Every structure is written in structure tokens, then in C-alpha cells.
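Biologist: I'm new to this one. Can you pull it up and walk me through it?

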Amino acid sequence: MGIDSDFLTAYKEVLGRLFQKPSFIVLLGSPISSLIGLDLDRLADMLEEDTGILCFAISTTGNRYYDSGISDTMIALYKHFTLPQKQQKNQRLNRINLLGLNSLDYASDSLRQNIRNMVAQKFDGIQTEWGMDSSPTNLEKAGRAMINIVVSVSGIPLAEQMLRDIDLPYKGLHELKVWDTYMPPITLPSHLSILLVGEQIFSNTLRRVLQHAGVQNIDVASFFEMHESFCKNRDRKLCCEADLIEMLETGSYHLLIGDPLLEVITSDFPQCA
């Protein structure tokens, strides 16, 4: 109880220094809070009761990868802002939600804008974006979209949750037919065998582009989450660097496409960043 009291006192002091009262408060876990067994949900309830500001906790631990933290955050926002408005599913618009459009998987503003432009052209616009630049008022309207488009693997848990709760279907970015109209006018040798290493949805999209250019033998591997329904036969979840080295040593690939940092462990293998 002493920790709870100290926390509340410290936060109220911080809150008193803010120029503007926040619309909501999120408590995030850390390795320390996990080790000492801090009850974040209890603290969030106490803080909300004491301040009158909506407060909830996200049980991040610091022991998982970034995509898990993004997934947990989006689901928490959904439960507090979108799900209470689930009656909106009866008022669907010809618009889309983008799930997982975050600055780690899509670092540049121009790339994010290109994604928006491409996927929204067959619809009347984007209803909500999950990952960046979303307000509570905006997220409350997500249930009125026609479909969710998952643009990174971090958005899949939310897409599945919304399918169960409000019957809102979803597709992966790589599944959209719009890519067929944006293919570059290039032809690559059909005998090439390529290993793509990176975030699953983005890599699947790149695989579709390369297949359109003539390369048919392309596998995807990732050190992060891999969703089974979006995997091809030889796609693989990598648990460590040794798994990647093992794949390359099979002699099955002519080229590795991935982060330039991979060159540290694959310096003897042809690579394209």
C-alpha cells in the first residue's frame, strides 16, 4: 500500500504541473514493475477514482519485442474507446481502418502516405488509423468502417478481436489487388531464390511485387511475430541468429533481402538492403 500511496502522490504532483488536463492516462509496465509484482490495474483504478480522469493499464514487461507492445496498446485503446460504441457496426461506411501503421515498421512520412493513398483508393477514405495520430474521438468511430486493413503484424490481434466482437472483417496489406496496378515495369530471372527477412506483412507485400516481376521462389522469415494464416510453406519464425544462418547454409537461396545490420552475421552471403 505504501508503493500505491507514493505513486499516487507523485502522479498528482506531475498532473498539477501540466498546462492542460489529459483526456486519459495510460500506465505502462516495465521490467521493474514486473519483478516487484506491481498491480497496474489496481493503480489505474485508484488514479481514475482520485483524479476523475479515465485511466487504464497496459501490462507491458520490457521482455517482449516492440510488436507485442504495439498490439497490447492498440487492443487496450480499442476496449476503452471503440468497443463501447459497438452499436455503430449497424452504420457501416465505405471506409477502412488501417491497423498497425506505426513509425517503427513504416519510418518515413512519405512511405506512410503512399500506403494511405494506395489502400484507400477503392473506398471513400480512411476511417481510423491505429499506430499513430489517433485521438479518442477518432477511435470511437472505428466500428463504422467497412473493413480493417492490417499493415503490420502488430495489427493482427486487434483485427481478430474486432472480427469477434463487432463482425468487422480484415485483410492483410499484401492481399489487396491494388498492388497489381502499382507493379514496377521490371523483369527478374525466374530461377532466382530469395529470402526476405523482416516484418511479416511488409515482407509479404514485397514478395508479391517480386513475384509479379518473375521471381517465384521467395520465402519470408522474421525475428518478430509470424501469423500462421499469412505464412507460405517455407516461411519461418526465427528465434535467434543461428536460425537465420541455418537457413542460408542450406544453399537454397541466391539472395537475402533485409536490414543492413544483418550483414554482421551474413557477410559471406549476397545481400540487398
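Modeller: Here is a short tour of a sheet and two helices. This is a predicted model, where local features need pLDDT of at least 70, side-chain atom pairs count only at pLDDT 80 or more, and totals for chains, interfaces and linings use all residues. Residues are numbered from 1 along each chain as its sequence is written, and side-chain values use heavy atoms, with hydrogens and water left out.

Biologist: In what order do the 4 strands of the open sheet come?

Modeller: The order is β4-β3-β5-β6, with parallel pairing. Strands are DSSP runs of E, at least two residues, and helices are runs of H or I, at least four, numbered from the N terminus. Two strands pair if DSSP finds at least two bridges between them.

Biologist: Which strands stand at the edges?

Modeller: β4 (126–130) and β6 (170–172). Each has a single partner strand, so one side of each lacks a neighbour in the sheet. The twist averages 20 degrees from one strand to the next.

Biologist: How many bridges join β3 to β4?

Modeller: There are 4, and β3 covers residues 96–99. L98 sits opposite E129 in β4.

Biologist: Switching to helices. Which residues of α9 are buried?

Modeller: D243, L244, M247 and L248, in a helix spanning 241–249. Buried means under 20% relative accessible area (1.4 Å probe, protein chains only). They lie on the same side of α9, because they cover an arc of only 135 degrees around the axis.

Biologist: What covers them?

Modeller: The cover includes β7 (193–197), β8 (217–222) and β9 (236–237).

Biologist: And what follows α9?

Modeller: G251, with a positive phi near 80 degrees.

Note on methods: Buried means under 20% relative accessible area, exposed over 50%, partly exposed in between (1.4 Å probe, protein chains only). The arc is that of the directions from the helix axis to the C-beta atoms. Contact means heavy atoms within 4.5 Å. Axes are lines fitted to C-alpha atoms, for helices over the stretch in contact, and angles run from 0 to 180 degrees between N-to-C directions.
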